[in-house]
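Trainee: Could we go through this model together, one question at a time?
Mentor: Gladly, let us have a look.

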Amino acid sequence: MKNSILIIIVLISLKSFGQKNDADKYQKEWFEKAKIEIAKPDLVGALITFYWAYENNTESELGKACLKKIDSLKPLVRKELIDKWKGNWQLTNNESKDEHFLEISETEIRFYEKKNGSLEKKLVKTEMILFNEINYGSYPTYWELIFSDNQIWNFNIIDEIDENILYVSKTNKVGDYSIKHYPNYRDGRKPKDERDIYERIK
């Protein structure tokens, strides 16, 4: 019985040692790939790759170095995002007769509404630009915003499609980091696009 227990302990130890070696190996590989992304330069790619390297072994010296790189890259990436978002936007996929607008500056997002038939835009609410610092899932949360009601929002411009189109969508609330599942229809129907789509006002 004692021999069996000893064998089990040895096997578990060997497995843990092997997993650590694999984690260290992958961490080094991701770290080198992140350095390549910086050289391009692709700050978003570097941030994500450093995060993957960090996640392989958060306690190693290289892991700690990755965390420093992540902390230094996040402000730069977020500055790039805000520069893209800045400006005036109008909601295009609006189902009501009222018109809705966004005005985005370095520090805040203003929501405006123009009632049907009115010539005046009314300020509905103002939200400070506050980024979510809690990571969950496979990517660092460098792009998510937290509004005053603790709702998490995504603001996204897809450069490859059109830099003058802004996609806005809400996800979870702070503290709820469950993965959302969308319906998959067997008859080929696509689920409704829940995003608000804004076009830049020239």
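What follows is a short conversation about a predicted model.

Trainee: Which pattern does the protein chain follow along the sequence?
Mentor: A good place to start is the inventory: the protein chain has 3 helices and 8 strands. Of its 202 residues, 33% count as buried. Read from start to end, the elements give the pattern α-α-α-β-β-β-β-β-β-β-β.

Trainee: What share of the contacts with a separation of 6 or more comes from residues 24 or more positions apart?
Mentor: Here we set aside contacts with a separation below 6 and ask about residues 24 or more positions apart. In the protein chain, their share is 44%.

Trainee: Are H2 and H3 roughly parallel or roughly antiparallel to each other?
Mentor: Let us begin with the geometry: the axes of H2 and helix H3 (residues 61–85) come within 9 Å and cross at roughly 155°. The crossing is left-handed. Among the residues making the contact are Leu47, Phe50 and Tyr54 of H2, with Leu67, Ile70 and Leu73 of H3. An angle over 145 degrees meets the cut-off, so H2 and H3 are roughly antiparallel.

Trainee: How many aromatic pairs are there?
Mentor: Rings of Phe, Tyr and Trp pair if their centres lie within 6.5 Å. By this rule the count is 8.

Trainee: How is the aromatic pair of Phe31 and Phe50 classed?
Mentor: The ring centres of Phe31 and Phe50 are 5.5 Å apart, with 65° between the planes. Planes over 60 degrees apart meet the cut-off, so this aromatic pair is edge-to-face.

Trainee: Why does the pair of Phe31 and Phe50 tie together parts that are apart in sequence, and by how many residues?
Mentor: Phe31 is buried, at 13% relative accessible area, and Phe50 is buried too, at 0%. Phe31 belongs to helix H1 (residues 2–39) and Phe50 to helix H2 (residues 43–56), so the parts tied together are apart in sequence by 19 residues.

Trainee: Which aromatic cluster includes Phe111 and Phe147?
Mentor: Phe111 and Phe147 form an edge-to-face pair, 6.0 Å centre to centre with 80° between the planes. Phe111 is in strand E3 (residues 108–114) and Phe147 in the loop between strand E5 (144–146) and strand E6 (151–156), which puts them 36 residues apart. Phe111 is buried at 15%, and Phe147 is buried at 3%. The cluster consists of Trp85, Phe111, Phe131, Phe147, Trp153 and Phe155.

Trainee: Where does the charged end of Lys121 sit?
Mentor: One ring under the charged end of Lys121 has its centre 4.8 Å away, and that ring belongs to Phe101. A ring with its centre 5.2 Å away is that of Tyr112. The charged end of Lys121 therefore sits over the rings of Phe101 and Tyr112.

Trainee: Is Gln27 buried or exposed?
Mentor: Gln27 is in helix H1. Its contacts beyond four places in sequence include Ala53, Tyr54, Asn57 and Leu62. With a relative accessible area of 1%, under the 20% cut-off, Gln27 is buried.

Trainee: Which peptide bond is cis?
Mentor: Most peptide bonds are trans. In the loop between H1 and H2 we find Pro41. With omega near 0°, the cis bond runs from Lys40 to Pro41.

Trainee: What is phi of Asn150?
Mentor: Most residues other than glycine have a negative phi. Asn150 is in the loop between E5 and E6 and is partly exposed, with a relative accessible area of 42%. Its phi is positive, near 70°.

Key: Residues numbered from 1 in each chain as written. Predicted model: local features only at pLDDT ≥ 70, side-chain atom pairs only at ≥ 80, totals over all residues. Heavy atoms only, no water. Phe/Tyr/Trp six-rings, centres within 6.5 Å; stacked < 30°, edge-to-face > 60°. Helix = DSSP H or I, 4+ residues; strand = E, 2+ residues; numbered from the N terminus. Buried < 20%, exposed > 50% of the residue type's maximum accessible area, 1.4 Å probe, protein only. Lys NZ or Arg CZ within 6 Å of the ring centre and 35° of its normal. Axes fitted to C-alpha atoms, helices over the stretch in contact; angles between N-to-C directions. Parallel < 35°, antiparallel > 145°, perpendicular 65-115°, else oblique. Left-handed = near helix turned anticlockwise from the far one by under 90°. Contact = heavy atoms within 4.5 Å.
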